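The following note sets out points for discussion on the structure shown below. Each point takes up one element or one group of residues.

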Amino acid sequence: QVQLVESGGGLVQPGGSLRLSCAASGSISSINMGWYRQAPGKERERVARISSSGNTNYADFVKGRFTISIENAKNTVYLQMNSLKPEDTAVYYCNAVAMGWPTSSWGQGTQVTVSS
């Protein structure tokens with residue numbers, strides 16, 4: 001399993017953009033990666049995922065606004081967030097899982113706050 005560290009969160013006005021980064025301790029070229037978020041009092045929900053083959057999937061509430069991508073040379077996965085809304089406010093977590101792992105790996109999370 002790999003260690004994950006998220007960064008890039010912060011305060012942004014509605015309609016603004018942020019790019020989150022998730023740095024892994026090792027190669028992620030053969031690992032399935034995802035971004036999740038959790039707002040206070042709510043369940044953690046999946047935002048986007050990208051498979052080891054490069055296939056992507058997005059939650060309906062972020063389609064057309066968010067983009068997940070991987071830079072294998074830097075062992076980093078990104079989440080580009082555009083047209084941010086107040087309801088996007090949450091702690092965003094990076095996740096990694098691969099065949100044969102007993103459990104997935106999680107980062108510590110990074111806070112995203114969308115407010116005017």
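Is strand 8 (residues 76–81) largely enclosed by the rest of the structure, or is it open, and how many of its residues are buried? The points below begin with this strand; please bear in mind that the model is predicted.

1. Burial of strand 8. Five of the six residues in this strand are buried, and the strand is therefore largely enclosed by the rest of the structure.

2. Partners of strand 8. Strand 3 (residues 18–24) pairs with strand 8 in the antiparallel sense, over six bridges. Within this pairing, S21 has Y78 of strand 8 as its bridge partner. Strand 7 (residues 66–71) also pairs with strand 8 in the antiparallel sense, likewise through six bridges. Here T67 is the residue that stands opposite Q80 of strand 8. Strands 7 and 8 form a hairpin with four residues between them, and N75 in that turn has a positive phi of about 50°.

3. A charge over Y78. The residue that bridges to S21 in the strand 3 pairing, Y78, also has an arginine over its ring: the charged end of R19 sits there, 4.3 Å from the ring centre.

4. The disulfide. How many disulfides does the model contain? The count comes to one. It joins C22 to C94, with an S to S distance of 2.1 Å. The link is left-handed, with -85° about the S-S bond. C22 belongs to strand 3 and C94 to strand 9 (residues 90–97), and the pair links distant parts of the chain, 72 residues apart. Both ends are buried: C22 has a relative accessible area of 1%, and C94 is at 0% relative accessibility.

5. The aromatic pair. One aromatic pair is counted. Why is the pair of Y36 and W106 described as edge-to-face? The ring centres lie 4.9 Å apart and the planes stand at 65°; the cut-off for this class is over 60 degrees, so the pair is edge-to-face. Y36 lies in strand 4 (residues 32–38) and W106 in strand 10 (residues 105–106), so the contact ties together parts that are 70 residues apart in sequence.

6. Environment of the two rings. Are the two members of the pair buried or partly exposed? Y36, at 19% relative accessibility, counts as buried; the cut-off for that class is under 20%. W106, at 37%, counts as partly exposed. The ring of W106 also has a charge over it: the charged end of R44 sits 4.6 Å from the ring centre.

7. Strands 4, 5 and 6. Strand 4 and strand 5 (residues 45–50) pair in the antiparallel sense over five bridges, and W35 has A48 of strand 5 as its bridge partner. These two strands form a hairpin with six residues between them; G41, in the turn, has a positive phi of about 75°. Strand 5 in turn pairs with strand 6 (residues 56–58), again in the antiparallel sense, over three bridges. In this pairing I50 is matched with T56 of strand 6. A hairpin is formed here as well, with five residues between the strands, and G54 in its turn has a positive phi of about 100°.

8. R37 in strand 4. R37 lies in strand 4 and is buried, with a relative accessible area of 6%. Which side chain makes a polar contact with that of R37? The partner is the side chain of D88, at 2.9 Å. Leaving aside neighbours within four places in sequence, the contacts of R37 include R44, E45, F61, D88 and Y92. R44 is thus in contact with R37 and also has its charged end over the ring of W106.

9. G16 in the loop. G16 is placed in the loop between strand 2 (10–12) and strand 3. At 17% relative accessibility, this glycine counts as buried. Beyond its neighbours within four places in sequence, G16 is in contact with M81, N82, S83 and L84. By contrast, the C-alpha atoms of G16 and E43 are separated by 25 Å, the two residues being 27 apart along the chain.

Technical notes
Residues numbered from 1 in each chain as written. Predicted model: local features only at pLDDT ≥ 70, side-chain atom pairs only at ≥ 80, totals over all residues. Heavy atoms only, no water. Phe/Tyr/Trp six-rings, centres within 6.5 Å; stacked < 30°, edge-to-face > 60°. Buried < 20%, exposed > 50% of the residue type's maximum accessible area, 1.4 Å probe, protein only. Lys NZ or Arg CZ within 6 Å of the ring centre and 35° of its normal. Pairing = 2+ DSSP bridges. Disulfide = S-S within 2.5 Å. Contact = heavy atoms within 4.5 Å. Polar contact = N/O pair within 3.5 Å; in protein donor to acceptor, adjacent residues only side chain to side chain.
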